[in-house]
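Visitor: I'd like to learn how to read a few features of a structure, one step after another. Could you take me through this one?

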Amino acid sequence: MADLDFPLTRSDALQRLDDFLPHAGAAYARLRNKEHGQGQHVHVSRLSAALRRRLISEQEVVDAVLARHGLSAAEKFVSEVFWRTYWKGWLEQRPTVWEDYNAAVERALEQLDAVSGLRKRHASAIDGSTGIDCFDAWTEELNETGYLHNWARMQFASIWIFTLGLPWELGAASMFERLIDADPASNTLSWRWVAGLHTAGKAYLADAERIRSMTDSRFSPAGLARTARIPADSVPTPSPSSIRPTSLPDPSAATLLLLTTEDLSVEQIGAMRALPVKAIAFLQGRNKWDDAALADGLARAAQVWPDAEICGALMPAELAAAAKSSGCTQVANAFLPVGPVASSIAPVRDEFHRLGIAFTEHLRDWDRMAWPHCRKGFFGLKEKIPALLQTGHR
């Protein structure tokens, strides 16, 4: 079902956006948190899987919505798009949080047998047999489709942490593995926010009556926690640092174009489209949804650069040698934000230097303009939204 309901090609994403536009204003503001169940998420855009892989860009989505409704009517939807940007910008300026989170997941797995009943509670949460009606139904939907409504994700995380008493790190890791739109920043930091760790001391506590109301009485959960016992923070939060510097692509250098699931519409970026691309490669995705999106991205790139050699899927360690053998002096790709893809490239950067191949990245203007405002809370970015939208950058 997820493959049909959530666009994984650029053309399908553009069509989904067009279909959603009439509903992106007042209707979205009023109904966005209504949760009607699997296959019935009619009040939200369902563009998250495409946006995650940038089959369609945030700028394209926001431009289309503003042209239809204006900022006043579409403020809620536009803010949701900027929340995605906020999480990525916040993490980009604190890259050690991702590394420390992964270490915390490993520690939490090792501790499952240290607390009586913890492994059993964890297993029941994973397979949806907790006896909490909404949680178990959402687990089934997540397992079957790879998707949960955003409002349901907050309830799910809250119940996991405060009612089931499970480590937030394991919840975040489990959801990341199953989501069709899994984003390292949005997923990890949203779980920390629910747990009361992102905004210190401010947790999100699921409420049974609100769940009944927002699900039209489909669920009537019993036994939910009435107080939020904020867990000890396993991930140190450093002061924000500068955004990682990059080398920009040389517009005259023979180029191996690298596609990744971080940005699969690079041909829409003028500076990238002008590159003399001699070869095209991609990094393998994590799941079937990534594979579908990568196939679409590769097909579009091959149309823009029809004479380029198609190298196909390569391992990070193979990129530099592939570029050299194709007569290229640089590898060019979109900026790799903090997450698994960037982590996979980091160990092989010296190989590029050794072979005389430049590894270059293009940072989209949307990120370059917004991320500096993501150093503290969301409000610091939100108050800049009108000015950012006036820039019109891509």
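Visitor: Let me start with R53. Is R53 buried or exposed?

Guide: Please keep in mind that this is a predicted model. Burial is read from relative accessible area, where buried means under 20%. R53 has 3% relative accessibility, so R53 counts as buried.

Visitor: With which residue does R53 form a salt bridge?

Guide: Here is the general idea: side chains of opposite charge can pair when their charged atoms come close. In this model R53 pairs with D290, and their closest N and O atoms are 2.8 Å apart. The partner is buried as well, because D290 has 4% relative accessibility.

Visitor: Where do D290 and R53 lie in the chain?

Guide: D290 belongs to helix 14 (residues 288-304), while R53 sits in the loop between helix 4 (48-52) and helix 5 (58-92). The pair therefore ties together parts that are 237 residues apart in sequence.

Visitor: How many salt bridges does the structure hold?

Guide: There are 22 salt bridges in the structure. Another one involves helix 14: R300 and E267 meet through their side chains, at 2.6 Å from N to O. R300 is in helix 14, whereas E267 is in the loop between strand 1 (255-259) and helix 13 (270-273), so to speak of this pair is to speak of a link between distant parts of the chain, 33 residues apart. R300 is buried, at a relative accessible area of 12%, and E267 is buried too, at 5%. Salt bridges can also share partners, and in this way R52, K88, D183 and E262 are joined into one network.

Visitor: What about the pair R119 and D113: how far apart are the closest N and O atoms?

Guide: In that salt bridge the closest N and O atoms are 2.7 Å apart. To place the two residues, look at accessibility again: R119 is partly exposed, with a relative accessible area of 40%, and D113 is exposed, with 58%.

Visitor: Now the sheet, please. What is the order of the strands?

Guide: To read a sheet, follow the strands across it and note how they pair. This open sheet has 5 strands in the order 3-2-1-4-5, with parallel pairing. Strand 3 (309-314) and strand 5 (358-362) stand at the edges with a single partner strand each, so one side of each has no neighbour in the sheet. From one strand to the next, the twist averages 25°.

Visitor: Which strand pairs with strand 5, and over how many bridges?

Guide: Strand 4 (residues 330-334) pairs with strand 5 in the parallel sense over 5 bridges. For a residue to find on screen, take A332, whose bridge partner in strand 5 is T360. You will also meet helix 14 again: this helix packs on the sheet and touches strand 1, strand 2 (277-283) and strand 3. The direction of helix 14 makes about 180° with that of strand 2.

Visitor: One last residue: which residues is V194 in contact with?

Guide: V194 is found in helix 11 (residues 184-194) and counts as buried, at 3% relative accessibility. Leaving aside neighbours within four places in sequence, V194 is in contact with M154, A157, S158, I161, F162, A203 and Y204.

Visitor: Does a UniProt record say what that stretch is, or where does its domain feature lie?

Guide: The unreviewed UniProt entry places "domain: Cryptochrome/DNA photolyase FAD-binding" at residues 77-204. Over residues 77-204 the chain is 70% helix and 0% strand, with the end C-alpha atoms 21 Å apart.

Notes: Residues are numbered from 1 along each chain as its sequence is written. This is a predicted model: local features need pLDDT of at least 70, side-chain atom pairs count only at pLDDT 80 or more; totals for chains, interfaces and linings use all residues. Side-chain values use heavy atoms; hydrogens and water are left out. A salt bridge is a side-chain nitrogen of Lys or Arg within 4 Å of a carboxyl oxygen of Asp or Glu. Helices (H or I, at least four residues) and strands (E, at least two) are DSSP runs, numbered from the N terminus. Buried means under 20% relative accessible area, exposed over 50%, partly exposed in between (1.4 Å probe, protein chains only). UniProt positions are given in the numbering used here, feature names are shortened, and annotations may be inferred rather than shown by experiment. Two strands pair if DSSP finds at least two bridges between them. Axes are lines fitted to C-alpha atoms, for helices over the stretch in contact, and angles run from 0 to 180 degrees between N-to-C directions. Contact means heavy atoms within 4.5 Å.
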